[in-house]
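Trainee: Could you walk me through this structure? I'd like to start with the strands.

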Amino acid sequence: MNISRLHFAHLPTPVEALPRLSEALGGPRLLIKRDDQTGLAFGGNKTRKLEFLVAEARDQGAKTLISGGALQSNHCRQTAAAAARFGFECILVLTGEVPQQASANLLLDQLFGAQVVYVSDRRDRDRILRQTFDRAAEEGRKPYLVPYGGSSPTGALGYAFAVKELMKQNVQADWIVFATSSGGTHAGLLVGQRLFGYKGKVLGISIDESEEWLRTHVSALASSASEKFGARIEFTPAEVLANARYCSAGYGVLTEPEHEAIRLFATCEGLLLDPVYTGRAAAGMIDLIRKGFFKRDETLLFLHTGGQPALFADQYANKMQ
């Protein structure tokens, strides 16, 4: 097995107990894996993926990292930081109207020197991302396309190895609960679960995708990622645990359940969630706890995937007050 990797994340990230939150919710026992502390540009889960993606870009002789996402994309913020750290140019294709003043993740993108291409309609983003890549290639800038969310077989390796890390920390958890969207984290966890012997269940709370899409996409991505370790493992859609009951409001729309989850984590544990991903995943987890989905004697590990800079974006900061 020859997997190329750059080591720049702050690992292992700590696992902490959440006793006051557990008490407030009436059980079960809650733990949190602090992947908001991976170290790169305020941290987050994309840093683990970028260790492999940037290594692949380097190995291919690339000079420019190109990626896309929402205007307040955590993934793009960490991609821009990684590009700056390792001497790549960076172009980001972001969906949203050009703001009068950049804030939060967008401000950080600019500080890291990324060139931003704005797309007003999300339906045009894929086309413009491809045009941007082709133009950079024609100009001799040797681009490498970092997929949305870092979700490719290469990017998924970050969370396969995160399971190995978790096992070394001797954490006994019946469930890992986390935010799932583009599927890379989800797929990596499935691969790591199989390869490194995690006996619990892996449950993704959808941020914006249907359960059917997640099961199909994540199983295929996990199967492809497994080939990086040797023989292919065929994952089936039935093996993918996903819950899409909490994303009907739409991507990035802050509703009362997310607001309550952010408040509870802050007031009970002094921890900050973000309004798009961890806030929604935590809201789903809290609702499932209240409905008795988890057994009271079980242990849940909430994977904190970062994203707190988005709290300071104008559209969210005003609603949190």
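Mentor: Sure. Start at Val15, which stands opposite Lys33 in β2. Strands here are DSSP runs of E, at least two residues long, and helices are runs of H or I, at least four residues long, numbered from the N terminus.

Trainee: Before we go on, what kind of model is this?

Mentor: This is a predicted model: local features need pLDDT of at least 70, side-chain atom pairs count only at pLDDT 80 or more, and totals for chains, interfaces and linings use all residues. Residues are numbered from 1 along each chain as its sequence is written, and side-chain values use heavy atoms, with hydrogens and water left out.

Trainee: OK. How many bridges join β1 to β2?

Mentor: There are 3 bridges between strand β1 (residues 15-17) and β2, and the two run antiparallel. Two strands pair if DSSP finds at least two bridges between them.

Trainee: And what does β2 do with β10?

Mentor: β2 and β10 pair in the parallel sense, over 6 bridges. Look at Arg29: its bridge partner in β10 is Thr299.

Trainee: Is β2 mostly covered or open?

Mentor: Mostly covered. In strand β2 (residues 29-34), 5 of the 6 residues are buried. Buried means under 20% relative accessible area, exposed means over 50%, and partly exposed is in between, with a 1.4 Å probe and protein chains only.

Trainee: What order do the strands take in the sheet?

Mentor: The order is β1-β2-β10-β7-β8-β9. It is an open sheet of 6 strands with mixed pairing. The edge strands are β1 and β9 (241-243), and each pairs on one side only. Neighbouring strands are turned by 30° against each other on average, direction ignored.

Trainee: How do β7 and β8 pair?

Mentor: In the parallel sense, over 6 bridges, with strand β8 covering residues 201-206. Find Phe178 there: it stands opposite Gly204 in β8.

Trainee: Switching to rings. How many aromatic pairs are there?

Mentor: The structure holds 10 aromatic pairs. Rings of Phe, Tyr and Trp (its six-membered ring) pair if their centres lie within 6.5 Å; planes under 30 degrees apart count as stacked, over 60 as edge-to-face and the rest as tilted. One of the pairs is Trp175 with Phe293, which is tilted, at 5.5 Å centre to centre and 55° between the planes.

Trainee: Where do those two sit in the chain?

Mentor: In distant parts, 118 residues apart. Trp175 is in strand β7 (residues 175-180), and Phe293 is in the loop between α10 (278-290) and β10 (299-304). Phe293 also forms an aromatic pair with Phe294, an edge-to-face one at 4.9 Å centre to centre and 90° between the planes.

Trainee: Which of the three are buried, and which are exposed?

Mentor: Trp175 is buried, at 7% relative accessible area. Phe294 is buried too, at 4% relative accessibility. Phe293 has 45% relative accessibility, so it counts as partly exposed.

Trainee: Which residues form an aromatic cluster?

Mentor: Phe52, Phe161, Phe196 and Phe229 form one.

Trainee: What about charges over rings?

Mentor: Try Arg125: its charged end sits over the ring of Tyr148, 4.5 Å from the centre. The charged end of Arg48 sits over the ring of Tyr159, 5.5 Å from the centre. For this, NZ of Lys or CZ of Arg must be within 6 Å of the ring centre and within 35 degrees of the ring normal.

Trainee: Now helices. How do α9 and α10 pack?

Mentor: Helix α9 (residues 256-269) and α10 pack at an angle of about 90°, with their axes 8 Å apart. So α9 is roughly perpendicular to α10. That label covers 65 to 115 degrees; under 35 is roughly parallel, over 145 roughly antiparallel and the rest oblique. Axes are lines fitted to C-alpha atoms, for helices over the stretch in contact, and angles run from 0 to 180 degrees between N-to-C directions.

Trainee: Any odd backbone spots?

Mentor: Two cis peptide bonds to look at. The bond from Leu11 to Pro12 is cis, with omega near 0°, and Pro12 lies in the segment before β1. The bond from Gly27 to Pro28 is cis, with omega near -5°. Pro28 is in the loop between α1 (19-25) and β2.

Trainee: What is the phi of Phe42?

Mentor: It is positive, about 75°, although Phe42 is not a glycine. Phe42 is in the loop between β2 and α2 (46-59). At 58% relative accessibility, Phe42 counts as exposed.
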